[in-house]
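User: I am new to this structure and would like a close look at one part of it, the place where a few neighbouring helices pack against one another. Please go through it slowly and then set it against the rest of the chain.

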Amino acid sequence: MFRKRNLVTELLRRVDLGDIETLISRCLWSRAVSTNSKSALLAIDNADICSKQTGIVSLAGELACLVEESAHVVDDSKPRSRMELKRSLELRLKKRVKEQYTNGKFSDLLKKVIARPDTLRDAYDCIRLNSNVPITERNGSVAFDSIAEELSSGMFDVNSNTFSLVARDKTKEILVLPSVALKVVQEAIRIVLEVVFSPHFSKFSHSCRSGRGRASALKYISSNMSHSDWCFTLSLNKKLDVSVFDNLLSVMEEKIEDSSLSILLRSMFEARVLNLEFGGFPKGHGLPQEGLLSRVLMNIYLDRFDHELYRISMRHEALHRDSQTDEDSPGSKLRSWFRRQAGEQVLKSTPEHLRVYCCRFMDEIFFSVSGPKKAAVDIRSEAIGFLRNSLHLDITDEIDSSPCETTSGLRVLGILVRKKVRENPAVKAVHKLKEKVRLFALQKEEAWTLGTVRIGKKWLGHGLKKVKESEIKGLADSNSTLSQISCHRKPGMETDHWYKILLRIWMEDVLRTSADRSEEFILSKHIVEPTIPQELRDAFYKFQNSAAAYVSSETAKVEALLPCPLSHDRPVFFGDVVAPTNAIRRRLFRYGLVTAEGYARTNSVLILQDTPQIIDWFSGLVRRWVLWYGGCSNFDEIKALIDNQIRKSCIRTLASKYRIHENEIEKRLDLELSTIPSAEDIEQEIQHEKLDSPASDRDEHLTYGISNSGLCLLSLARIVSESRPCNCFVTGCSMAAPAVYTLHAMERQKFPGWKTGFSVCIPSSLNGRRIGLCKQHLKDLYIGQISLQAIDFGAWR
C-alpha cells in the first residue's frame with residue numbers, strides 16, 4: 001500500500017502543468033470548432049491570457065471557461081416542452097422548501113416559502129402550463145404582491161375567494177370552487193407538501209409520484225397476479241369530515257411545524273373548497289370537483305395505511321416458511337431474521353409459503369396473496385379494521401377473497417384484471433385453426449343467406465309486376481280465403497298494391513309464430529330454399545354441420561391428432577388486462593354515437609360546430625382509447641369499434657351537417673378525416689411520439705389530471721358578437737372566445753368507474769353551464785391536452 005502511494009506521488013510530481021494546460025486548450029478548441037460557439041472561443045482567449053501569469057491560475061481559468069461554455073451550449077438547445085418547464089418550476093420551489101428544514105422538521109413554510117411573490121408566480125405558471133398557456137406572456141390579472149402580503153399577515157380571506165354553483169335539478173347540489181387567486185395558493189401549497197412528503201411515500205403507492213402512475217400500477221398488478229392464489233379490492237367511501245381532517249393535520253404535523261399553514265388549510269376545509277372525497281369520483285380524470293390539493297392530501301392520509309400494511313404483510317410472511325429449501329432459494333434476509341426471532345415452534349406450525357402483494361392508486365387498493373385462504377382472510381380483515389378504526393374510513397362493496405383462477409376478474413383502475421393460463425403452443429395452434437374454420441363457415445352461411453334473399457326479392461318483384469286482375473282465379477271461388485278477405489280491399493286499389501298488403505300480413509303472421517324476427521329470413525327459408533334442388537341443400541347443411549362439430553369438439557381429441565404429443569408440465573399463468581368493451585358500447589349509445597342496435601349514427605349535439613372541431617372531438621376519443629387500452633388483450637375489439645363506429649359516426653355527422661351523401665363527404669374531406677385514421681396507424685404514431693418526446697412529457701406526476709382526462713360533450717350555444725364579447729375561460733388565457741358552448745353532464749356514476757374515454761361524474765351543478773373557449777383551447781380540450789380543471793367556471797357568475 002505504501003509503495004503504491006509513493007509511486008503515485010512521484011508521478012504527480014513529475015507531471016508538467018503546461019502539458020495539462022495544452023491538453024485542456026486543445027479540448028476547448030476542438031469543442032469550439034465543432035459547435036461554432038463564440039463563447040467558447042472567448043473562453044479560450046481568456047484562458048490564454050491567464051496562462052501568461054501562473055500555471056495554476058491558468059488551469060483553474062480554463063476549467064471555469066469549460067463550465068461556462070457547457071452551460072451556454074445547454075441554453076442554445078431546442079425549446080423545452082411545457083412539462084419540462086413545469087418540472088423546472090417545481091424544482092425551483094423545492095430548493096426554497098429545503099432551506100426551511102431544521103431539527104428534523106420543516107418550519108415556517110407559509111410565511112417564508114408560500115407567501116412570497118416569486119413562489120406564487122411560479123405556482124401560477126404551473127397552472128398556466130397545465131392549461132397549455134405560454135408563460136412567456138405576463139398576465140397582470142393576479143396581484144401576487146397583495147396575495148403574498150395577506151398570507152404573511154394572516155388576513156387572506158378564503159371565503160371571499162370562492163364561488164358556489166347550484167344544480168338546476170331537484171337535487172340542488174352545491175359545488176364550491178376556488179377563484180384564480182385561491183387556485184394559485186392551493187397550487188403553491190400542493191408543490192410544498194409534495195416536496196415534504198413525496199420522498200417518504202411507500203412503494204405501494206403508485207400515484208402522485210415521478211416514475212409511478214397508472215401504467216406502473218397495472219404492470220405491477222398483472223405481473224404479481226400471475227403467481228397469486230387469492231385477490232380482492234377495497235373500495236373506500238368517505239367525504240372529508242372533522243375527524244378525518246383532524247387526523248390529517250396530525251399526520252402533517254409530524255413533519256411540518258407551521259401553525260399558520262394549518263390554520264389556512266382549516267379555513268379551506270370550513271369553506272368546503274378542498275373537495276377531498278374518498279371514493280366519490282375516479283381520480284386523475286381532471287374533473288372540476290377534484291381540488292388541486294386532493295391528490296397530495298389523500299396520499300398523505302393513506303400513507304399511514306401503506307406503512308401499516310408493511311407491518312401486516314411482514315408479520316404474516318415472517319411466520320411462514322418458504323416452500324423451497326434455503327439452498328434452492330435463500331430468500332430475503334429480513335424475513336429470515338423475523339423467522340429466527342419467531343422461533344422454531346411457530347415455524348413448524350405454519351409451514352406454508354406466503355407472499356402479500358398490494359398496490360394503491362389514490363383511493364383504489366388492490367391485494368393479491370400467494371398462500372392459504374385463511375391468511376388472505378386475516379390480511380383483509382386487519383386492513384379493513386385499520387381503515388375503519390384508525391383512519392375513520394368506510395368500506396363499500398365488501399367482497400370476500402376470491403381465487404384468482406376461478407374469478408371472472410377484478411375491476412381495477414377502470415379496467416378488468418384476471419388470471420389466465422398461458423396456452424401451450426400446440427393448443428394455441430388448435431384454437432387458431434378452429435377459429436379459421438368457424439369464420440370460414442360463417443362466411444359461407446352469410447353468402448348462402450344473401451344469395452337466397454336476393455333470389456327471393458327478385459321473385460317477389462317479378463311476381464308483383466306481372467300480376468293481372470284476370471289471373472286471380474281464386475276470387476271466383478266464394479269459399480276461398482282470398483275471396484273472404486277481399487272485402488277489406490279499398491276501391492280503386494291496384495292489384496300489385498293489394499298483393500303487397502296481403503304479403504305483409506302473411507309475413508307478420510309468420511313472424512309471430514317464428515323465433516326469427518326478420519322478413520329476409522322468411523324470404524330465404526320459407527320461400528326460396530324449398531325451391532332449391534335437394535342435393536344442393538343437403539351439401540350446404542352437411543358442410544355447416546361438419547364445421548360446427550369440429551369447432552365444438554374437445555381440444556384433447558384434436559390434440560391427439562398432432563404429430564408431437566403435448567407435455568403435461570405445470571400450467572403457466574399470466575395476468576390478463578381486459579378493456580371494458582361492453583361499458584364502452586353503452587357509453588357510445590348514451591353519448592349518441594350509435595343506435596340501440598350498435599350502428600353508427602349522427603351526433604346531433606356536435607352538428608352545429610365547425611368541421612375541424614367535430615373531427616377533433618372524434619380524434620380525441622380515438623387517441624384516448626389507444627393510450628389507455630394499447631396493452632389490453634382484447635384491443636382488437638377496440639380497433640373494430642374505432643373503424644366501424646367512431647369513424648362512421650363522424651362521417652355521418654358531417655354528412656348531416658352539409659346535407660350531402662356520406663361518400664361525397666369522404667371525398668371532399670379526405671385530408672381532414674385522415675386525423676382519424678385506423679387504430680394501427682394511430683398506435684404507431686403515438687409510439688413514435690413517445691420515443692421522440694422527453695421523459696417528462698410521459699411522467700404521470702406532471703400530467704396528472706390531463707393524461708387521464710375524459711372527453712366531455714359540448715354543444716354550441718351562441719356565436720360571440722361585438723355587442724356581446726367574451727374571453728376564453730381557461731385560466732391564464734387572454735384570447736377572445738369566438739363562441740360559447742354548453743357543457744352536458746351525460747351520466748352520474750360512483751367509484752369505481754370504467755375508463756371509457758368519456759368524462760364521468762361531472763357534477764349536476766355544472767350541467768348546462770356555458771363556457772367561452774378560444775379555438776386553440778377547444779381543440780386542446782377535445783384532443784386531451786387540457787382538462788375541465790383548466791376552466792375558470794367563475795368567469796360568468
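Analyst: In this predicted model, the crossing of helices H11 and H12 is right-handed. The axes of H11, which covers residues 242-252, and of H12, which covers residues 259-270, come within 12 Å and cross at roughly 160 degrees. Because angles over 145 degrees count as roughly antiparallel, H11 is described as roughly antiparallel to H12. On the H11 side the contact is made by Val242, Phe245, Asp246, Leu249 and Met252, while H12 contributes Ser262, Leu265, Arg266 and Phe269. Sorted by class, the residues of this contact between H11 and H12 are 6 nonpolar, 1 polar and 2 charged.

H11 also has a contact with helix H13, which runs over residues 294-318, and here the angle is about 80 degrees with the axes 10 Å apart. H11 and H13 are therefore roughly perpendicular to each other. The residues that meet are Val244, Asn247, Leu248, Val251 and Met252 from H11, and Leu297, Ile300, Tyr301 and Arg304 from H13. By class, this contact of H11 with H13 consists of 7 nonpolar residues, 1 polar and 1 charged. Met252 of H11 thus appears in the contact with H12 and again in the contact with H13.

H13 in turn packs against helix H9, at an angle of about 30 degrees and with the axes 9 Å apart. Since angles under 35 degrees count as roughly parallel, H9 and H13 are taken as roughly parallel to each other. H9 passes H13 in a left-handed crossing. From H9 the contact draws on Arg190, Leu193, Glu194 and Phe197, and from H13 on Arg295, Val296, Leu297 and Ile300. By class there are 5 nonpolar and 3 charged residues in this contact of H9 with H13, and no polar ones. Leu297 and Ile300 of H13 are worth finding on the model, as they are listed in the contact with H11 and also in the contact with H9.

H9 itself covers residues 180-197, and its 18 residues reach 26 Å from the first C-alpha to the last, close to the 26 Å expected at 1.5 Å a residue. H9 is mostly covered, with 17 of its 18 residues buried. Helix H10, residues 214-225, can be checked for length in the same way: at 1.5 Å a residue its 12 residues should span 16 Å, and its end C-alpha atoms are 16 Å apart, which agrees. In H10 the buried residues include Arg214, Ala217, Leu218 and Ile221, and Ser222, Asn224 and Met225 are buried too.

A single residue helps to tie these helices together in the picture. Leu274 lies in the loop between H12 and strand S7 (277-278), and this residue is buried, with a relative accessible area of 4%. Apart from neighbours within four places in sequence, Leu274 is in contact with Leu240, Phe245, Leu265, Met268, Phe269, Gly291, Leu293, Ser294 and Leu297. Among these partners, Phe245 of H11 and Leu265 and Phe269 of H12 also take part in the contact between H11 and H12, and Leu297 of H13 takes part in the contact with H11. Leu274 and Gln186 are 88 residues apart in sequence, and their C-alpha atoms are 9.0 Å apart in space.

Set against the rest, the protein chain holds 29 helices and 17 strands, and 47% of its 797 residues count as buried. Among contacts between residues at least 6 apart in sequence, 74% join residues at least 24 apart. Away from the helices described above, Asn545 in helix H21 (residues 534-552) is exposed, with a relative accessible area of 53%. Asn545 and Ala441 are 104 residues apart in sequence, and the distance in space is 9.5 Å from C-alpha to C-alpha.

Two loop residues elsewhere deserve a look for their backbone angles. Asn103, in the loop between strand S1 (101-102) and strand S2 (105-107), has a positive phi of about 55 degrees although it is not a glycine, and Asn103 is exposed, with a relative accessible area of 81%. Met362 sits in the loop between strand S8 (355-361) and strand S9 (364-370), and its phi is near 55 degrees, a positive value in a residue other than glycine. Unlike exposed Asn103, Met362 is buried, with a relative accessible area of 0%.

Technical notes. Residues are numbered from 1 along each chain as its sequence is written. This is a predicted model: local features need pLDDT of at least 70, side-chain atom pairs count only at pLDDT 80 or more; totals for chains, interfaces and linings use all residues. Side-chain values use heavy atoms; hydrogens and water are left out. Axes are lines fitted to C-alpha atoms, for helices over the stretch in contact, and angles run from 0 to 180 degrees between N-to-C directions. Helices (H or I, at least four residues) and strands (E, at least two) are DSSP runs, numbered from the N terminus. Angles under 35 degrees count as roughly parallel, over 145 as roughly antiparallel, 65 to 115 as roughly perpendicular and the rest as oblique. A crossing is left-handed if the near helix is turned anticlockwise from the far one by less than a right angle, and right-handed if clockwise. Contact means heavy atoms within 4.5 Å. Ala, Val, Leu, Ile, Met, Phe, Trp, Tyr, Cys and Pro count as nonpolar, Asp, Glu, Lys and Arg as charged, and the others, Gly among them, as polar. The expected span of a helix is 1.5 Å times one less than its number of residues. Buried means under 20% relative accessible area, exposed over 50%, partly exposed in between (1.4 Å probe, protein chains only).
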